[in-house]
Every structure is written in C-alpha cells, then in structure tokens.
Amino acid sequence: MTLLRVRDLAVARGGMRVVENVSFTLDAGTALILRGPNGIGKTSLLRTLAGLQPSVGGMMEHAEDAVAYAAHADGLKPALTAAENLKFWSSIFGGGAVGPALAAMDLLSLADRPAASLSAGQKRRLGLARLLVTGRSIWMLDEPTVSLDAHSVALFAKVVRDHLVAGGAAIMATHIDLGLSEAETLDLEPFRAQPGQMSAPAGFNEAFA
Ligand SMILES: Nc1ncnc2c1ncn2[C@@H]1O[C@H](COP(=O)(O)OP(=O)(O)OP(=O)(O)O)[C@@H](O)[C@H]1O
C-alpha cells in the first residue's frame, strides 16, 4: 500500500526554488533516505512534505493525519519530566502508550527527570521517543541521530525498523549510515533547481511555519 505519493514536486526556501521535479512513492514498510550536500534542500523538502510550508509546484498525497515530523529541534517542554513530555504528546496525538516509548529509547531510568536536566543525547532520545506515541504511519525525520552515541543510533534504527515491520514508513535526511539496509536512497543533486528562480508565494512567512 502506498502511504505517500509525490510527483514533480518543487520546493522553495526564502523565496527561491531549491529543488524541483521530485517524484517518488513511499509504501508501507519502506524507508527512504534523502541524500545530498549541505544546502541542497533536504530540510526544505521534508518541511514541505510535512505541511509546514507550501510547495511551489507538483503534487503530493497522503492520508489525513498520517505524518509525524521530527525536526532538528527536540521540541521538548523543559519543565516537564521525560514521562510528562510523552504524556503531553500522547494526549495531543491520540493516546500512544508512554511506557513502551520510554523503554524503546532507553529512557525508563530518566522518566522522572525534567527534560531541562537531560544531556543533549538524552534530549534527542526523548524527542525521538515522541514518534512512538503519535500513532502516525509516516515518519519524516530531519537528521534524527544528531547528538546520539553509537548505542543510541542502534536503538533508534531498531525503533525505525519495528515501525516499518508494523506497516509504517519513514523518510529521513541523514548524513550517517543508520544500518537500515532495507532503506532506499534518494539523492537530491539531480533535482537541484536552476539558479535564481524566484518562487511564489513570495509573501509566505516562515515565522509562522
Ligand atoms: N530561513 C531561510 N531563509 C532563506 N533561505 C534559507 C532558509 N533556510 C534555508 N535556506 C536556504 O535554502 C536552501 C536549502 O536549505 P535546506 O536547509 O533545505 O538544505 P539541507 O539540504 O537540509 O542542508 P543541510 O544538509 O545543511 O542541513 C539553502 O541554500 C539554504 O541556505
């Protein structure tokens, strides 16, 4: 079953086209890794796919409320504990279990610690554990392993693999090898937009995206 269909998509940032003519499908049980040099447009493509900014050409289709997006920022509430952060996200997204999410990212011993007191890698693990309480089928991940040590990268790869086995899908920008041999790769270099192409909507304000 196809969860995400993208055809001839054009993406802009700061009023300039960055990539165009991007086409792919993402089926249940599959992962796609976005590659390309710094600045090619991986983040901009993910933001567009996640609905945080409008596309400037082409089309994309997925079921309503199917997407969970994890950006560079962990998006944690610093005064809440790790468990409370997940409870909060679970209540927003519809009730995924908190205990298994903590366990999956090796956070049980940190469950009652305020997020503010966690290390960068621990915060990252908590940010990624949020995915597990969303119940969303398509995970869109921007550099998910930043700050993670090798053990945590392996934990996260298992979380992604379990999500795929359960019928989910993932699209992620990453410069490191997650060891997901089943993942396909999409190199954005061939889709680099011709330089200097302004894009509409010119007035789109990223401050609210
Ligand atoms: N807020 C912004 N305003 C204007 N231009 C931006 C903004 N953010 C990014 N850009 C530009 O848009 C282009 C695409 O950036 P993007 O962050 O999508 O690339 P990337 O492939 O994710 O890069 P990296 O691998 O460095 O994370 C770059 O040329 C970048 O300089």
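Start with the two domains: their centres, taken over C-alpha atoms, are 24 Å apart. Select 1-66 + 137-176 + 189-201 for domain 1 and 75-133 for domain 2 (bounds from an automatic or database domain assignment). Where they touch, domain 1 gives 10 residues and domain 2 gives 10 residues (contact means C-beta atoms, placed from the backbone, within 7 Å).

A word on what you're looking at: this is a predicted model, where local features need pLDDT of at least 70, side-chain atom pairs count only at pLDDT 80 or more, and totals for chains, interfaces and linings use all residues. Numbering runs from 1 along each chain as its sequence is written.

Now stay on the side of domain 1 that touches domain 2 and pick helix H5 (residues 150-165): its four residues are the largest share there. By class, that side has seven nonpolar, two polar and one charged residues (Ala, Val, Leu, Ile, Met, Phe, Trp, Tyr, Cys and Pro count as nonpolar, Asp, Glu, Lys and Arg as charged, the others, Gly among them, as polar).

Next, select H4, residues 120-134: its 15 residues reach 22 Å from first C-alpha to last, close to the 21 Å expected at 1.5 Å a residue (1.5 Å times one less than the number of residues). Helices are DSSP runs of H or I, at least four residues, and are numbered from the N terminus. Since 13 of the 15 residues of H4 are buried, this helix is largely enclosed by the rest of the structure (buried: 20 or more other C-beta atoms, placed from the backbone, within 10 Å of a residue's own). Click on glycine 135 just after H4, and you'll find a positive phi of about 70°.

Last stop, the ligand: 13 residues surround it, with Arg13, Gly14, Asn38, Thr43 and Ser44 coming nearest (C-beta, placed from the backbone, within 6 Å). Helix H1 (residues 42-49) supplies the largest share of that shell, three residues.

Note on methods: Helix = DSSP H or I, 4+ residues; strand = E, 2+ residues; numbered from the N terminus. Buried ≥ 20, exposed ≤ 12 C-beta atoms within 10 Å, placed from the backbone. Contact = placed C-beta atoms within 7 Å.
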